[in-house]
Amino acid sequence: MKLLTTLLSAAVAATLLATPAHADDKFTLGRTILLEHGNLAAKIPMVVCRNTNAIKVKAEKDLELRKVVVRFQNGEEKTIRFHRDLKKDKTTDWRYFGYRRCVKNIEVYGNSEGSKAGVRVYGKEKND
């Protein structure tokens, strides 16, 4: 009887502690602010590199997104061009690197429709 109680409590604890599956399995790499007439990059430096195989950009306010430059731990960089208008709370499609890479720095280029606009850059947790 004691064994059955132990097994049942272990099963209940395992179901309560299991992490739920997310639809996108995304995490925030960083966020920054774009200015209205900003010709310079809005930088997202990272203290530690984060492993991901793709990025997605979300606008927190209306903005024009030109490109994102991603720098990796090994010194290489990848420029992803968007050249599109993003409305508030809209996201781009996932843009893949080809394989999991360690992202060290992100630069976002674009302009906000007002005085400033927040931008979030997401990474993908799992490979597809």
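This report walks through the fold, the salt bridges, the disulfide and one loop residue of a predicted model.

**Overall layout**

Start with the big picture. The protein has one helix and six strands. Read from the N terminus, the order is α-β-β-β-β-β-β. The helix therefore precedes the strands in that order.

Next, look at burial. The protein has 128 residues, and 37% of them are buried. Its accessible surface comes to about 8100 Å². Carbon and sulfur atoms account for 53% of that surface.

Contacts tell another part of the story. Take the contacts between residues at least 6 apart in sequence. Of these, 80% join residues at least 24 apart.

**Salt bridges**

How many salt bridges does the model contain? The count comes to five. Three of them are listed here, with the closest N to O distance for each pair.

| Pair | N to O distance |
|---|---|
| Glu60 and Arg31 | 2.4 Å |
| Glu60 and Arg120 | 2.8 Å |
| Arg71 and Glu77 | 3.1 Å |

Glu60 appears in two rows of the table, with Arg31 and with Arg120. Arg31, Glu60 and Arg120 are linked in a network of salt bridges.

Where do these residues sit? Take the bridge between Glu60 and Arg31, with its 2.4 Å separation. Glu60 lies in the loop between E2 and strand E3 (63-72), while Arg31 lies in strand E1, so this bridge ties together parts that are 29 residues apart in sequence.

Now take the bridge from Glu60 to Arg120, at 2.8 Å. Arg120 belongs to strand E6 (residues 116-124) and Glu60 to the loop between E2 and E3, so this pair ties together parts that are 60 residues apart in sequence.

Are the members of this network buried, exposed or partly exposed? Glu60 is partly exposed, at 22% relative accessibility. Arg31 is partly exposed too, with a relative accessible area of 45%. Arg120 is partly exposed, at 26%.

The third listed bridge joins Arg71 and Glu77, with 3.1 Å between the closest N and O atoms. Arg71 is partly exposed, at 27% relative accessibility. Glu77 is partly exposed, at 45%.

**The disulfide**

A search of the whole structure finds one disulfide. Which residues does the disulfide join? Cys49 is joined to Cys102, with an S to S distance of 1.7 Å. The torsion about this S-S bond is about 80°, so the disulfide is right-handed. Cys49 lies in strand E2 and Cys102 in strand E5 (residues 95-112), so the disulfide ties together parts that are 53 residues apart in sequence.

The two cysteines fall into separate burial classes. Cys49 is partly exposed, with a relative accessible area of 23%. Cys102 counts as buried, because its relative accessibility is 11% and the cut-off for buried is under 20%.

**A loop residue**

Finally, turn to Leu40. This residue sits in the loop between strand E1 (26-35) and strand E2 (42-59). Is Leu40 buried or exposed? Leu40 counts as exposed, because its relative accessibility is 72% and exposed means over 50%.

Leu40 can also be placed relative to Asn111. The two residues are 71 apart along the chain. Their C-alpha atoms are separated by 9.8 Å.

Notes: Residues are numbered from 1 along each chain as its sequence is written. This is a predicted model: local features need pLDDT of at least 70, side-chain atom pairs count only at pLDDT 80 or more; totals for chains, interfaces and linings use all residues. Side-chain values use heavy atoms; hydrogens and water are left out. Helices (H or I, at least four residues) and strands (E, at least two) are DSSP runs, numbered from the N terminus. Buried means under 20% relative accessible area, exposed over 50%, partly exposed in between (1.4 Å probe, protein chains only). A salt bridge is a side-chain nitrogen of Lys or Arg within 4 Å of a carboxyl oxygen of Asp or Glu. A disulfide is a pair of cysteine sulfur atoms within 2.5 Å. Contact means heavy atoms within 4.5 Å. Accessible areas come from the Shrake-Rupley method with a 1.4 Å probe; for residues, only the protein chains shown count as cover.
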